[in-house]
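Please open the model in your viewer and keep the sequence panel visible beside it. This tour suggests what to select at each stop and tells you what is there.

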Amino acid sequence: MAEHTDYSLLVGESAKVKTIFFGNITVVYAGMVSDAVYSVVVQWSSGNNSLAYNLYLGKSQKEVHLPKGRLHVSSATPERINFRYRD
């Protein structure tokens, strides 16, 4: 059964959205770079391997595909993002 978890992050805050075998997927809210674009940082680690990348998304985009799941963004402001993570 799919996991559904709601998150609310301020700029710079992070949430571990998925634990995978020997690792985690973490989301960090990086704020809004303009009135119409917000940024989310995805961090992934497994054992001794890790990576991080920024996603720049239009404010109207409500779904973001991540490794092993999706974010459904309900709102993004310059200070806060509210989203639900689904497997």
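The stops below go from the whole chain to single residues and the strands that hold them.

**Before you start**

This is a predicted model, in which local features need pLDDT of at least 70 and side-chain atom pairs count only at pLDDT 80 or more, while totals for chains, interfaces and linings use all residues. Residues are numbered from 1 along each chain as its sequence is written, and side-chain values use heavy atoms, with hydrogens and water left out.

**Stop 1: the whole chain**

Select the protein chain and show it as a cartoon. You will find eight strands and zero helices, where helices (H or I, at least four residues) and strands (E, at least two residues) are DSSP runs numbered from the N terminus. Read from the N terminus on, the elements run β-β-β-β-β-β-β-β.

Now show the C-alpha atoms, which fill a box of roughly 40 × 30 × 20 Å when taken along the principal axes. The radius of gyration of the protein chain is 12 Å, which agrees with a compact globule because one with 87 residues would have a value near 12 Å; this radius is taken over C-alpha atoms, and the globule rule is 2.2 Å times the number of residues to the power 0.38.

Switch to a surface next. The protein chain exposes about 5100 Å², and carbon and sulfur atoms supply 51% of it; such areas come from the Shrake-Rupley method with a 1.4 Å probe, and for residues only the protein chains shown count as cover. Of the 87 residues, 33% are buried, a word that means under 20% relative accessible area, whereas exposed means over 50% and partly exposed lies in between (1.4 Å probe, protein chains only).

**Stop 2: Thr-26 in strand 3**

Select residues 23-34, which make up strand 3, and pick out Thr-26 within that strand. Is Thr-26 buried or exposed? Thr-26 counts as buried because its relative accessibility is 14%.

Which residues does Thr-26 contact, leaving aside its neighbours within four places in sequence? They are Ser-14, Ala-15, Lys-16, Val-41, Val-42 and Gln-43, where contact means heavy atoms within 4.5 Å.

Add strand 2 (residues 14-20) to the selection: this strand runs antiparallel to strand 3, and six bridges join the two. Two strands pair if DSSP finds at least two bridges between them. Across this pairing, Lys-16 stands opposite Thr-26.

Then add strand 4 (residues 37-46), which is joined to strand 3 by 10 bridges and also runs antiparallel to strand 3. Here the bridge partner of Thr-26 is Gln-43. Follow the backbone from strand 3 to strand 4, and you will pass through a hairpin with two residues.

**Stop 3: Gln-43 and strand 4**

Centre the view on Gln-43, which lies in strand 4 and counts as partly exposed because its relative accessibility is 34%. Not counting residues up to four places away in sequence, Gln-43 touches Asn-24, Ile-25, Thr-26, Val-28, Leu-51 and Ala-52. If you label Phe-83 as well, the two C-alpha atoms are separated by 17 Å, although Gln-43 and Phe-83 are 40 residues apart along the chain.

In strand 4 you can also select Ser-45, which counts as partly exposed because its relative accessibility is 27%. The C-alpha atoms of Ser-45 and Ile-20 are separated by 8.9 Å, with their positions 25 residues apart along the chain.

Now bring in strand 5 (residues 49-58), which pairs with strand 4 in the antiparallel sense over 10 bridges. One place to look is Val-42, whose bridge partner in strand 5 is Tyr-53. A hairpin with two residues links these strands, and Gly-47 in the turn has a positive phi of about 60°.

**Stop 4: Met-32 and Val-37**

Return to strand 3 and select Met-32. Not counting residues up to four places away in sequence, Met-32 touches Val-37, Tyr-38, Lys-59, Ala-76, Thr-77 and Pro-78. The C-alpha atoms of Met-32 and Val-42 are separated by 15 Å, and these residues are 10 apart along the chain.

Finish at Val-37, the bridge partner of Ser-34. Val-37 also stands opposite Gly-58 in strand 5.
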